[in-house]
Amino acid sequence: MLKVAVMVSGGGTNLQAILDAIGSGKIRNAEVVRVISNSRKAFALERAARAGIPSVCITRSQYPEPEDFDRALLNALQESGADLVVLAGCLVVIPRIVVDAYPNRIINIHPALIPSFCGTGYYGLGVHEAALKRGVKVTGATVHFVDGGTDTGPIILQKAVEVLEGDTPEILQRRVMEQAEWVILPQAVDLIANGRVTVENGSVHISEENLEEEV
Ligand code: GRF
C-alpha cells in the first residue's frame, strides 16, 4: 500500500480528485496518510477533515528562519511515513532538502502543457491568462516529478484541453481542472502505486498493466 502525503495551498480540488479516485477504486493500492498545507485558510484542510485524514499547517510565518521552515516541512513528511509526496495546488517552492530526501518521489500538477507557460511566476490563474494572451488553441495539464527546478522534472502524464472562443482565464482554468488535472493526477498516483512508472535518463517510462497480478 503506497502511503501518500498531499501538499496543498488552496481549494483542494486536486486533493478531492485523489480522495474520490481512491474511494471509487480508480486509484488502487494507495492511501492518503497526511495533508500538509502552507495556509490555515486552505479549504483543502476542510476536505481532509471530512475524509478523516490528519493534516498539519506549516507556514513560513511560523518560522523566522527559512531553513527552520524547510526542516519543519521535511520532518512532517518523514513523520507521516509517506512514500510519495503529491503537490496538489501547492504554491510552496519545495526546499532542496525535501527534494533530495524524496528523489523521484514528489509529483506536481501544473495547469499547462510543459514546457509551455511554466517556470517561475507561472501558477494558478496567471497560467491561463498567459495562454489566452498568446492565443494558443490547445492547452492542458502536466503531472511531472519534482526535481531541483521549477516545473522542470521528468514528465509523467499530460492531457490536452481545447481553448474555446470567449474563454476567460476563469472559464479556461475550470475546464483544465475538470478535463485534465482531476483526471491525470489520480491516474499518475495509481500508476506509481502499482509499480508502472520508472525514470531512465530523465525520461519516464510507463509499463503495461500486468493483468496476471490482478487475479
Ligand atoms: C489549480 O489550477 C492547480 O492546477 C493550481 O492551483 C489551482 C487550484 O488547485 N496549482 P486546487 O483546487 O487547490 O487543487
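Asn-29 is found in the loop between α1 and β2. Its phi is near 60°. That is a positive value, in a residue other than glycine. Keep in mind that this is a predicted model.

From Asn-29, step to the strand that follows its loop. Strand β2 covers residues 30–37 and holds Glu-31. The side chain of Glu-31 meets that of Lys-3 in a salt bridge, with 3.5 Å from N to O. Lys-3 belongs to strand β1, residues 2–8. The two partners are 28 residues apart, so the pair links distant parts of the chain. Side chains of opposite charge can pair when their charged atoms come close. Across the whole structure, a search finds nine salt bridges.

Now turn to the ligand. The space taken by the ligand is the largest pocket. Two elements each give two or more residues to the shell around it: α1 (13–24) and α6 (169–193). Of these, α6 gives the most to the shell, with three residues.

Which residues are around the ligand? Early in the numbering come Gly-10, Gly-11, Gly-12, Thr-13 and Asn-14. Ala-88, Gly-89 and Pro-111 join them. Gln-173, Met-177 and Glu-181 complete the list. By type, the shell divides into three nonpolar residues, seven polar and one charged.

Some of these residues make polar contacts with oxygen atoms of the ligand. Take Thr-13: an N or O atom in its side chain is 2.6 Å from a ligand oxygen. Asn-14 uses its backbone instead, with an N or O atom 2.9 Å from an oxygen atom of the ligand. Gly-11 also offers a polar backbone atom, and here the distance to a ligand oxygen is 3.3 Å. How much of the ligand's accessible area does the protein cover? On its own, the ligand has 370 Å² of accessible area, and the protein covers 89% of it.

One more backbone detail deserves a look. A cis peptide bond joins Ile-114 and Pro-115. Its omega is about 15°. Where does Pro-115 sit? Its place is in the loop between β5 (106–110) and α5 (125–134).

To retrace the route, start again at Asn-29, in the loop between α1 and β2. Go on to the salt bridge of Glu-31 and Lys-3. Then find the ligand in the largest pocket. Finish at the cis peptide bond between Ile-114 and Pro-115.

Notes
Residues numbered from 1 in each chain as written. Predicted model: local features only at pLDDT ≥ 70, side-chain atom pairs only at ≥ 80, totals over all residues. Heavy atoms only, no water. Near = heavy atom within 4 Å. Polar contact = N/O pair within 3.5 Å; in protein donor to acceptor, adjacent residues only side chain to side chain. Areas by Shrake-Rupley, 256 points an atom, 1.4 Å probe, with all protein chains shown as cover. 1 Å grid on protein atoms, 1.4 Å probe; cavity = no way out; pocket = protein on both sides within 12 Å on 5 of 7 lines; lining within 4 Å. Sits in = over half its atoms within 2 Å of the grid points. Helix = DSSP H or I, 4+ residues; strand = E, 2+ residues; numbered from the N terminus. Nonpolar A, V, L, I, M, F, W, Y, C, P; charged D, E, K, R; others polar. Salt bridge = Lys/Arg side-chain N within 4 Å of Asp/Glu carboxyl O.
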